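Visitor: I would like a close look at a single part of this model. Please start with what the record says, then move to one helix and its surroundings.

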Amino acid sequence: MEFRQLKYFIAVAEAGNMAAAAKRLHVSQPPITRQMQALEADLGVVLLERSHRGIELTAAGHAFLEDARRILELAGRSGDRSRAAARGDVGELSVAYFGTPIYRSLPLLLRAFLTSTPTATVSLTHMTKDEQVEGLLAGTIHVGFSRFFPRHPGIEIVNIAQEDLYLAVHRSQSGKFGKTCKLADLRAVELTLFPRGGRPSFADEVIGLFKHAGIEPRIARVVEDATAALALTMAGAASSIVPASVAAIRWPDIAFARIVGTRVKVPISCTFRKEKQPPILARFVEHVRRSAKD
């Protein structure tokens with residue numbers, strides 16, 4: 001059975017005679033007659049009854065007509081979906097993240113992508129930076145997000161945003177700093193930094209900023225993540241330094257002061273394989289590059 005036979009059969013059934021069907025299909029009548037005979041022989045049933053009034057469907061013909069229409073409709077949809085998948089319009093984008101990009105930049109980027117590609121879907125998984133690189137190379141994820149990825153052959157890293165840094169202090173200490181402060185104002189401030197793993201890390205960058213300014217920071221501890229650091233800040237144990245996406249969230253009993261000065265920003269990065277990109281990833285990478293330029 002061929003799609004051509006199904007098209008011919010539907011045309012004959014709807015037109016009521018071979019000549020009208022041939023005119024509709026822009027073919028001569030003999031090929032249609034031959035294909036209908038071959039179709040009936042293949043199925044082992046009579047689909048069409050010929051009379052002086054034209055062609056009428058048998059009971060088998062009526063049943064087959066319904067199925068033939070569904071088959072061609074499904075084939076058409078399958079073709080549309082296949083072409084859409086080849087363009088990257090459909091499919092699931094597998095995304096991994098580590099650290100604070102999950103608080104703002106990543107959700108906003110994914111929302112913009114899903115708005116522009118509404119037939120795509122996204123899965124989201126927490127992975128360390130090393131796990132993300134392994135997953136990219138193995139093909140188990142499409143793209144990863146974090147900060148300060150280690151360089152690796154075959155993996156591209158794109159910085160999608162730069163964030164200001166904020167000092168997080170217990171609300172009882174907010175009067176000492178106001179809305180803004182400088183690194184030099186923090187010489188005597190005990191700090192809880194994060195994360196503990198994933199080197200090079202956000203904590204490494206903060207320490208580097210202090211040392212670049214000629215200041216030795218007072219590091220009380222380095223904890224697992226931003227949530228742990230701010231829990232200790234809420235407890236009054238120490239202050240912390242966080243990116244803007246974290247400071248934008250309302251945290252009980254915590255006040256934030258933006259740290260001003262040159263070089264006091266940190267990047268958010270996206271990483272993916274340079275080659276063998278499936279269409280859904282290629283589409284997303286285009287979106288990422290446009291966002292980075294904006």
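Which residues does the UniProt annotation "DNA-binding region" cover?

Guide: According to the UniProt record, this annotation covers residues 18–37; such annotations may be inferred rather than shown by experiment. The span is 85% helix and 0% strand, and its end C-alpha atoms lie 12 Å apart. The model is predicted: local features need pLDDT of at least 70, side-chain atom pairs 80 or more, while totals for chains, interfaces and linings use all residues. Numbering runs from 1 along each chain, and side-chain values use heavy atoms, without hydrogens or water.

Now to helix α7, residues 202–212 (helices are DSSP runs, H or I, of at least four residues, strands E runs of at least two). At its start, a side-chain oxygen of Ser201 comes within 3.3 Å of the backbone nitrogen of Ala203. Ala203 is buried (under 20% relative accessible area, 1.4 Å probe, protein chains only), as are Phe202, Val206, Leu209 and Phe210. These five residues sit on the same side of α7, because they cover an arc of only 120 degrees around the axis (taken from the directions from the axis to the C-beta atoms). Their cover includes strands β6 (155–170), β8 (190–193), β9 (218–222), β10 (239–243) and β12 (265–273), where contact means heavy atoms within 4.5 Å. After α7 comes Gly214. The phi of Gly214 is positive, near 75 degrees.

Terms used:
Buried < 20%, exposed > 50% of the residue type's maximum accessible area, 1.4 Å probe, protein only. Polar contact = N/O pair within 3.5 Å; in protein donor to acceptor, adjacent residues only side chain to side chain.
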